[in-house]
Amino acid sequence: MNAPVLSRRLFLAASSAAGGGLLLSFGLESQARAAGPATLGAYLKLSPDGKATIASKIPEVGQGMRTALPMIIAEELDVAWEDVIVEQALADTKIYGRQVAGGSMATTLEWDGMRRVGAAGRWMLIQAASARLNVPASELSTEPGRVVHAASGRKLGYGELAQAAAAVAPPDLKTLVLKDPKTFRIIGKSHVQTDTDAIVTGKPLFGVDVRLPGMVYATYLKAPTYGAKVASADLAAAKAVKGVRDAFVVEGGTALDGLLPGVAVVASSWWAARRGRNALDAAWADHPTSAQSTASLAARAAELAKGPPQRVARADGDVAAALKGAAKVVEAAYDYPFIAHAPLEPQNCTARVKDGKVEIWAPTQNPEPGRALVARTLNVPPENVTIHLVRCGGGFGRRLINDYMVEAAFIASKVDAPVQLIWTREDDIQHDFYRPGGWHNFTAGLDAKGDLVAWRDHFVSFGEGETFVRSGGMNSTQFPAGAVANYQHDVSVMPLGVPTGPLRAPGNNAFGFVIQSFTDEVALAAKADPVEFRRKLLGEPRLIGPEGQNDSFHTGRMRGVLDLVAEKSGWGRKPTKGRGLGVACHFSHLGYVAVVMEVSVAKGKVKVEKVWVAADVGRQIINPSGADHQVQGSILDAIGSTLHQKITFENGAAVESNFGDFPLLRMSQTPPIEVHYLLSDNRPTGLGEPVLPPAPAALCNAIFAATGKRIRSLPVGDQLA
């Protein structure tokens, strides 16, 4: 993704805030003019007491954007972080532009723009001070919260300048002089997350905490087989439950990410709604995918793998000839299962529909498509849908899809009261948009010197023709593409009736496992040290792919993190019996990451003893504390999914339903995680996703080093027993 380009279409508007002060907004000119002044749509308010209220535009999913983006503005504004109050902005792309928590893109896309918002505020305060002190602006500077005239020793607080600054014409954003990073006071320092106090003290913060006068509660029962219609339901039995106010069938549609058929139960409490739902005794119509199962999908994948691919997605050189002439050929088949997101806060949403207006309180990562979906389903104009962003209790990509939002809005449209819809844990795991499973059939060729001369992957996934299901596709630029003269990426697909979607580092969370695990196998066949083999494969520092493309890969940056993690982990030391070190590196979401894990294996049980991570996400870590949390969370997610997690299907429905059969990693299983950043002369990028992909392979390569058992199918489960 290219960095955002400032143009004359971007503008800055200033006005007086209610109660006196400066209010700044910043966005696309035509859109903002259409939206008019909006006090909640502003990025910045300066109060007479000097406090700066900064709006955070990106939904907060735990990735720390409600802290990091305001830090950027506060830095350039030059205000003390202690004087900053953070507010969550409304969902309104007419004012804020892109408001999506996904793809680890917020830092990449907002870095420059947020700096200029803060710098513009500082510039306007200096202009106001210049007039007040009757000195040239060039003689003025700032210190946190004040404009300073060094020659006379006079200082003016931001609060006392706010009203006058609001009357200053905003500057041309392109001409603003930004701070030298060497002078940063806020950026680069660890700061506690904005919401931490509320979280640890249990203050209302998340979607399930929303309370409105007269609010009622709802549950929504859907077919186990995705999209099946309601055949029958005992509504009278549900309505007979104490506290139940209504129960009704929803016809729904066929789109898996829209309003699906189901039965709504509305009650004075959620527990009453749940009991009413249990009394429904619902039956479901047959559905074309009712017979689909994990076993049948795996059997079909095996058939496809044995035959010629349906298409060749990429072919460099002549793989067949290179394999024929290779001194050694290595073959291996890998697979991974469907997995669920399993956020601790199940899906929920609160909605109120009155007089053609819809008001929604949604823990969503991507509100704008939700607005469109609600408007289309309820047949109201999109501008009649207001979305309040509330903190998500975990997302990992699940809340990029707003099915729960439209369910809440539709139920509220049938009830003369605000409605809070809450899914059960079972609803959440069994009606997820899963990370799809996949099968990779690798063949590699080595020459007499142990150099990789050919690489082929027959990838079996889901879809129709050249269209993959959501998150089921694989980019043909995955390394070692471009580094091997003879490279071929084959593809075969099969139809699927299961909903799929993005899950933390979508696609890459599986591709990192298969590619880096097989790379380890090839290194072993070459009788090379795994790190040395990767170094040799990366070769001289160079860019593979066109300049400026998201999937272009710089071998030097990867070599940098590989060297760093090898140094920090003490790579090369002899492990004791039953212990092993594993290494992997992967590029995704503009981040270069290498991981080393040390594990011990005893009686078939794996214990991760320690993890080392080296990451290159550009020249600046905005909030080191938040960055560390993203790295650590990614590693823990990776260990949990690699060791334990899978979703299986029978009769078109998910079998697993709760943490008992879909376990998350426990605190007692948490290893020490050592994090190192390699700062490089590249723009800052995100950390929420790129750390996860190499971790499963590092773990499985460590298991091989400890036991000699190669893990080619996830999860590890009881394969070592």
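**View 1. Helix α4 and helix α5 against the three-stranded sheet of the predicted model.** Helix α4, formed by residues 106–133, lies across β6, β7 and β8. The direction of helix α4 is at about 125° to that of β6. Helix α5, residues 158–166, also packs on the sheet and touches β6, β7 and β8. Its direction makes about 70° with that of β8.

**View 2. The open sheet β6-β7-β8.** Three strands are arranged in the order β6-β7-β8, and their pairing is antiparallel. The edge positions are taken by β6 (140–143) and β8 (154–157); each has a single partner strand, so one side of each is left without a neighbour in the sheet. On average, neighbouring strands of this sheet are turned by 30° against each other, direction ignored.

**View 3. Pairing of β7 with β8.** Strand β7, comprising residues 146–149, pairs with β8 in the antiparallel sense over four bridges. Val 147 has Leu 156 of β8 as its bridge partner.

**View 4. The largest nonpolar core.** This core contains 83 residues. Those with the most contacts inside it are Leu 452, Phe 518, Met 597, Val 611, Val 613, Ile 635 and Ile 639. Helix α14 (residues 508–525) supplies the largest share of the core, namely nine residues.

**View 5. Surroundings of Leu 452.** When neighbours within four places in sequence are left aside, Leu 452 is in contact with Ala 444, Gly 445, Leu 446, Val 484, Val 522, Phe 533 and Leu 537.

**View 6. A second nonpolar core.** Separate from the core of View 4, this core has 48 residues, including Leu 44, Met 71, Ile 73 and Val 135.

Terms used
Residues numbered from 1 in each chain as written. Predicted model: local features only at pLDDT ≥ 70, side-chain atom pairs only at ≥ 80, totals over all residues. Heavy atoms only, no water. Core = buried A, V, L, I, M, F, W, Y, C linked by side-chain atoms within 4.5 Å. Buried < 20%, exposed > 50% of the residue type's maximum accessible area, 1.4 Å probe, protein only. Helix = DSSP H or I, 4+ residues; strand = E, 2+ residues; numbered from the N terminus. Contact = heavy atoms within 4.5 Å. Pairing = 2+ DSSP bridges. Axes fitted to C-alpha atoms, helices over the stretch in contact; angles between N-to-C directions.
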